[in-house]
Amino acid sequence: MKRLFGVVISISMAFALVACGNKATQETVEVETSNINDSDSQYEEVTSVYNITLNPDGIGEVAYKEGMDAQFTDDDYFQTCEIGVDEPATYTFSARTNEEGWSFVKWTKDGEDYAAEPTVIHDIEDSADFKAVFEYFDGNVVYDYGTSDIYSKEDMDSAIDVIMDEFNTWEGYELHSIRYASDDFNSDANLSWLNELDGEHNFTECIEFLSDYRTPLEGNEVVSANCIYKDYTWCLAREDGGQWVLVSYGYE
């Protein structure tokens with residue numbers, strides 16, 4: 001004789017599926033149903049609505065915590081992390097590396113640039129693949145003089161010397177590369193702008209360089225620790241072939 005058994009539902013207090021590195025915990029909604037046959041039972045695992053993956057690109061580690069004011073410890077970091085939630089939520093992601101020569105560069109989301117700082121707050125409203133990009137520096141600064149119809153290598157080197165006089169005052173920073181922007185920067189508009197900023201000279205020539213550098217390993221009150229800042233601009237000008245003056249530097 002066939003008998004019908006009732007449905008037993010076991011629901012976790014908070015639905016989340018989380019797996020990190022070699023450590024994994026799982027809290028899921030499971031539905032156990034007993035059907036017509038006494039010995040038959042079926043389990044249905046309900047999947048997350050939004051699935052997030054965190055992975056390093058290069059040598060580094062990633063971490064996450066729910067909320068906006070998360071504080072991270074060594075035990076929070078893994079080689080890979082997965083987050084599953086069934087409704088929109090706010091999480092904090094973090095990336096770091098302890099390997100010599102490696103530094104954090106940026107976060108990407110689904111292959112597109114997402115954030116330049118290692119710790120970022122993200123509102124989960126869809127599934128996505130995040131990567132923390134790390135870069136290695138072998139200690140050799142790259143100098144790229146590009147192509148110029150205006151300035152010689154000697155002109156550029158004298159400008160770079162002025163830049164280095166300033167950069168070398170930045171305690172703990174490490175220059176990775178510096179490159180000539182282009183002849184296009186030497187325009188009437190930029191000369192007017194630099195003369196206005198300076199207010200003391202009548203500049204007739206100007207030049208721009210871009211640099212990549214690493215922030216201090218311990219960070220400071222201005223920048224995050226061990227991060228690579230790219231395309232930092234240095235704008236210099238001079239009067240009729242005279243000495244270069246560093247007029248402006250930073251990000252626009």
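**Exercise 1. Lys65 and its partner**

Work out whether Lys65 is buried, partly exposed or exposed, and which residue it forms a salt bridge with.

*Solution.* Start with the cut-offs: buried means under 20% relative accessible area, and exposed means over 50%. Lys65 comes in at 28% relative accessibility, so it counts as partly exposed. Bear in mind that this is a predicted model. Next, look for the partner: Lys65 forms a salt bridge with Asp76, and their closest N and O atoms are 3.4 Å apart. Now place the two on the chain. Lys65 sits in strand 7, while Asp76 belongs to the loop between strand 7 and strand 8 (81–85), 11 residues apart. Finally, check the cover on the partner: Asp76 has a relative accessible area of 18%, so it is buried.

**Exercise 2. The sheet that holds strand 7**

Find out which strands make up the sheet with the order 7-9-12, and which of them stand at the edges.

*Solution.* Strands 7, 9 and 12 form an open sheet of 3 strands, with antiparallel pairing. The edge strands are strand 7 (61–66) and strand 12 (119–124), each pairing on one side only. From one strand to the next, the twist averages 25°. Then zoom in on one pair: strand 9 (residues 89–96) and strand 12 are joined by 6 bridges in the antiparallel sense. If you want a spot to click on, try Thr92, whose bridge partner in strand 12 is Ile121.

**Exercise 3. The five-strand sheet**

Trace the sheet with the order 14-15-16-17-18 and say why one side of strand 14 and of strand 18 is left without a neighbour.

*Solution.* First, the layout: 5 strands make an open sheet in that order, with mixed pairing. Strand 14 (142–144) and strand 18 (245–250) stand at the edges and have a single partner strand each, so one side of each lacks a neighbour in the sheet. The twist here averages 25° from one strand to the next. Now follow strand 17 (residues 228–238): 5 bridges join it to strand 18, and the two run antiparallel. Within this part of the sheet, Leu236 stands opposite Leu246 in strand 18. To finish, add the helix: helix 2 (residues 188–198) lies across strand 16 (205–214), strand 17 and strand 18, at about 100° to strand 18.

**Exercise 4. A salt-bridge network**

Among the 13 salt bridges in the structure, work out which residues join Glu135 in one network.

*Solution.* Begin with Glu135 itself. Its side chain meets that of Lys230 in a salt bridge (3.1 Å, N to O). Glu135 is in strand 13 (residues 128–136) and Lys230 in strand 17, 95 residues apart. Both ends are partly exposed: Glu135 at 28% relative accessibility, Lys230 with a relative accessible area of 31%.

Next comes the pair Arg179 and Asp231, whose side chains meet in a salt bridge at 2.1 Å, N to O. Arg179 lies in strand 15 (residues 174–180) and Asp231 in strand 17, 52 residues apart. This time the two ends fall in separate classes: Arg179 is buried at 19%, whereas Asp231 is partly exposed at 39%.

Put the pieces together, and salt bridges that share partners join Glu135, Arg179, Asp212, Lys230 and Asp231 into one network.

**Exercise 5. The whole chain**

Say how many helices and strands the protein chain has, and what share of its residues is buried.

*Solution.* Count the elements and you get 2 helices and 18 strands. Then turn to burial: of the 252 residues, 40% are buried.

Methods
Residues numbered from 1 in each chain as written. Predicted model: local features only at pLDDT ≥ 70, side-chain atom pairs only at ≥ 80, totals over all residues. Heavy atoms only, no water. Helix = DSSP H or I, 4+ residues; strand = E, 2+ residues; numbered from the N terminus. Buried < 20%, exposed > 50% of the residue type's maximum accessible area, 1.4 Å probe, protein only. Pairing = 2+ DSSP bridges. Axes fitted to C-alpha atoms, helices over the stretch in contact; angles between N-to-C directions. Contact = heavy atoms within 4.5 Å. Salt bridge = Lys/Arg side-chain N within 4 Å of Asp/Glu carboxyl O.
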